[in-house]
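Colleague: I'm new to this one. Could you walk me through it, one question at a time?
Modeller: Sure, let's have a look together.

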Amino acid sequence: MDLAKEKYGDILVVEKKREEHHLPDLKNVRGKVVMRLAPSPSGPLHLGHSRMLILNDEYVKRYGGDLILRIEDTNPNNIYPQAYEMIQEDVRWLDVNFTKFIIQSERMEIYYGRAKELIEMGKAYICKCKVEDFKKDLIASRACPHRDLPTNLMLEQFEEIVNGEDRDISPVLVIKTDLHHPNPAVRDWIAFRVIETPHPHTGRKYRFYPLMNFSVAIDDHELRLTHVIRGMDHLNNTERQRYIFKYFRWEVPEYFHYGLINIGDAILSTTTMRKGIEAGEFVGWDDVRLATLLALRRRGYQKETFRKYWIDSGLNDVNSDFSWEIFNSMNRQFIDHGADRYFFIHNPVLVKIEGSPESIGKIPLYPNEPDRGFRQYSVESDQEFYLQKLDIKDLKKGETLRLKDLYNIQFNGEQWEYAGNDTSIRRKIIHWVKKDSPEFEVIKPDGTKDHGFIEERGVHTRGILQFERYSFVNKISDSYALYLHK
RNA sequence: GCUCCAGUAGUGUAGCCAGGCCAAGCAUAAGAGGCUCUCAAUCUCUCGACUCGGGUUCAAAUCCCGACUGGAGCACCA
């Protein structure tokens with residue numbers, strides 16, 4: 001044994017390391033890395049965001065360097081003002097350490113400066129075409145009438161737009177790429193458009209806002225990003241952004257696009273969530289039906305679960321489905337040991353056990369560790385209990401069950417009778433609560449409620465616990481808990 | 001329709017770049033059993049996959065081509 005260890009120790013270590021470092025190495029790492037998290041402040045973060053948070057954080061932790069949290073708020077029509085704060089809290093909760101915090105709306109002058117440079121270089125133009133005409137031209141690989149106007153005129157127009165002097169049609173600034181590019185999505189693309197909506201941060205100071213492809217390209221350079229990892233939905237955007245890097249002769253970050261993960265059975269659209277909350281359909285951003293980090297956290301999902309799940313999913317370039325099954329299983333690993341056991345009877349039926357003696361039920365808080373203590377109840381003779389309808393329906397005459405850690409009962413066709421305390425025979429074990437136990441509710445992820453009774457000793461507990469034979473829950477108050485998972 | 005990306009068990013992944021050690025590893029689910037006075041935890045076993053067809057090669061999950069299938073994008077969201 002020892003000999004084997006001595007001889008093959010190195011190999012064993014290598015194997016182990018491979019398991020831990022599930023994520024592949026990044027390409028072209030020279031010293032430290034600079035990476036970024038770039039959410040838009042349309043609402044708090046959700047399950048989908050947690051992936052890019054964790055992945056970026058993992059790499060910065062592996063190589064060392066900076067992780068920049070950059071709020072992409074260049075569309076005032078899509079900003080939820082509280083999100084600036086909420087996002088930072090979400091990120092911190094996941095133990096993602098960002099080292100810099102940047103808000104794009106504070107960087108407008110930088111974008112304007114770069115835009116003017118591009119105009120001067122002949123790589124951008126002000127376009128006043130109607131939307132439909134512009135599209136038609138692009139599809140036909142045809143230059144629009146504004147594309148080759150003199151530089152001076154363009155610069156003048158740019159100033160006019162920025163200063164709000166130009167109110168005729170809604171002009172845009174367009175980046176020249178290649179009108180004959182085989183991919184129509186990459187042909188001349190729009191970098192700025194006019195939005196008159198006041199911005200929560202800058203008010204009416206600006207009206208000509210950059211689109212994501214422009215501000216992202218500029219900032220990725222200005223902040224000296226070395227690696228950008230993001231979803232494959234950005235493949236075309238990367239192509240567009242490369243033009244900016246090319247025109248300025250900037251060094252291009254290493255891009256990596258991972259496959260999209262389809263999270264079914266979850267509400268992720270911030271617009272849908274916000275509307276639902278405003279309409280009173282959801283109680284808030286932490287409504288159990290939403291897949292926000294806030295909601296999942298409140299239900300009892302652990303930050304470690306998010307990290308483990310996303311590391312395990314890796315950077316596969318294949319699109320796939322999110323697996324609640326696996327996610328829940330991982331979460332169970334983190335919570336099981338800390339979760340005391342209690343009885344909750346839902347869909348209750350009151351039954352009297354005829355001929356039952358006075359006894360004491362002593363049930364462990366956590367069966368694998370008796371040291372943690374017990375919940376103890378004394379029951380009367382002919383005691384009445386709440387049992388789950390599901391457990392006692394469809395029973396044949398003469399069948400026996402065992403009330404867990406108490407005694408056996410037998411169905412005689414009409415009523416229930418005491419059936420001794422013999423545990424040598426295996427029979428179905430069910431849980432129970434005494435009559436007069438407190439009422440209790442569990443709110444399930446679909447928003448419906450399971451109503452019933454909780455055992456008395458469980459009433460004042462809080463946090464994650466397991467209702468035996470029911471599920472794990474996060475107990476919020478004396479009267480209700482949120483359903484977590486089996 | 002056009003551009004691009006990809007196809008490993010029910011699900012999530014490892015392996016592919018540098019072909020052989022892959023009669024394909026792990027997790028989860030399912031089935032059986034052990035332990036247990038929970039349907040949890042824990043332990044053992046079982047089940048189950050390289051999309052298809054060609055090609056290159058002594059050798060293909062891995063390289064090339066095609067088909068099929070799935071996905072992303074297609075312009076003033078990010």
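Colleague: Which helices and strands each supply at least two residues of the surface near RNA strand B?
Modeller: Keep in mind that this is a predicted model. The helices on that list are α5 (131-139), α8 (235-248), α11 (303-313) and α12 (324-335). Add the strands, and you also have β6 (189-194) and β11 (320-321).

Colleague: How many residues surround RNA strand B, and which are the closest?
Modeller: Sugar and phosphate make up 63% of the RNA strand B atoms that come within 4 Å of the protein. By class, the surface near the strand has 17 nonpolar, 18 polar and 21 charged residues. In total, 56 residues surround RNA strand B, and the closest are V131, L138, R193, N319 and R341.

Colleague: Which residue puts a side-chain N or O atom 2.5 Å from a base oxygen of RNA strand B?
Modeller: Let's go through some polar contacts. M212 has a backbone N or O atom 2.9 Å from a phosphate oxygen of the RNA, and D405 has a polar backbone atom 2.7 Å from a base oxygen. Those two use backbone atoms. For the side-chain contact at 2.5 Å, the residue is R426.

Colleague: Helix α7 runs over residues 212-222; how many of its residues are buried?
Modeller: The buried ones are N213, F214, S215, V216, A217, I218, D219, D220 and H221. Because so much of α7 is buried, the helix is largely enclosed by the rest of the structure. After α7 comes R224, with a positive phi near 60°. As for the count in α7, it's 9 of the 11 residues.

Colleague: Back to α12: within what arc do its buried residues fall?
Modeller: In α12, the buried residues are F327, N328, M330, N331 and I335. An α-helix has 3.6 residues a turn, so residues three or four places apart point the same way. Looking down the axis of α12, you find the buried ones lining one face of the helix, because they fall within an arc of 160°.

Colleague: Which exposed residues sit on the face of α12 turned away from the buried side?
Modeller: First, a check on the helix itself: the 12 residues of α12 should span 16 Å, and its end C-alpha atoms are 16 Å apart, which agrees. Now turn to the face away from the buried side. The exposed residues there are E325 and Q333.

Colleague: There's an open sheet of 7 strands too; which strands stand at its edges?
Modeller: Its order is β21-β18-β19-β20-β14-β17-β22, with mixed pairing. An edge strand has a single partner, so one side of it is left without a neighbour in the sheet. Here those are β21 (429-430) and β22 (433-434).

Colleague: In β17, what is the bridge partner of K352?
Modeller: β14 has a parallel neighbour, β20, joined by 2 bridges, with I353 opposite W416. β14 also pairs with β17 in the antiparallel sense, over 5 bridges. β17 is largely enclosed by the rest of the structure, because 4 of its 5 residues are buried. In that strand, the partner of K352 is E384.

Colleague: Which residue of β22 stands opposite F385?
Modeller: β17 and β22 run antiparallel and are joined by 2 bridges. Opposite F385 in β22 stands K434.

Colleague: Last one: is G413 buried, partly exposed or exposed?
Modeller: G413 lies in the loop between β19 (408-411) and β20. Its C-alpha atom is 4.6 Å from that of K397, 16 residues away along the chain. At 34% relative accessibility, G413 counts as partly exposed.

Technical notes: Residues numbered from 1 in each chain as written. Chains lettered and ligands numbered in written order. Predicted model: local features only at pLDDT ≥ 70, side-chain atom pairs only at ≥ 80, totals over all residues. Heavy atoms only, no water. Near = heavy atom within 4 Å. Polar contact = N/O pair within 3.5 Å; in protein donor to acceptor, adjacent residues only side chain to side chain. Nonpolar A, V, L, I, M, F, W, Y, C, P; charged D, E, K, R; others polar. Pairing = 2+ DSSP bridges. Expected span 1.5 Å × (residues − 1). Buried < 20%, exposed > 50% of the residue type's maximum accessible area, 1.4 Å probe, protein only. Arc of directions from axis to C-beta.
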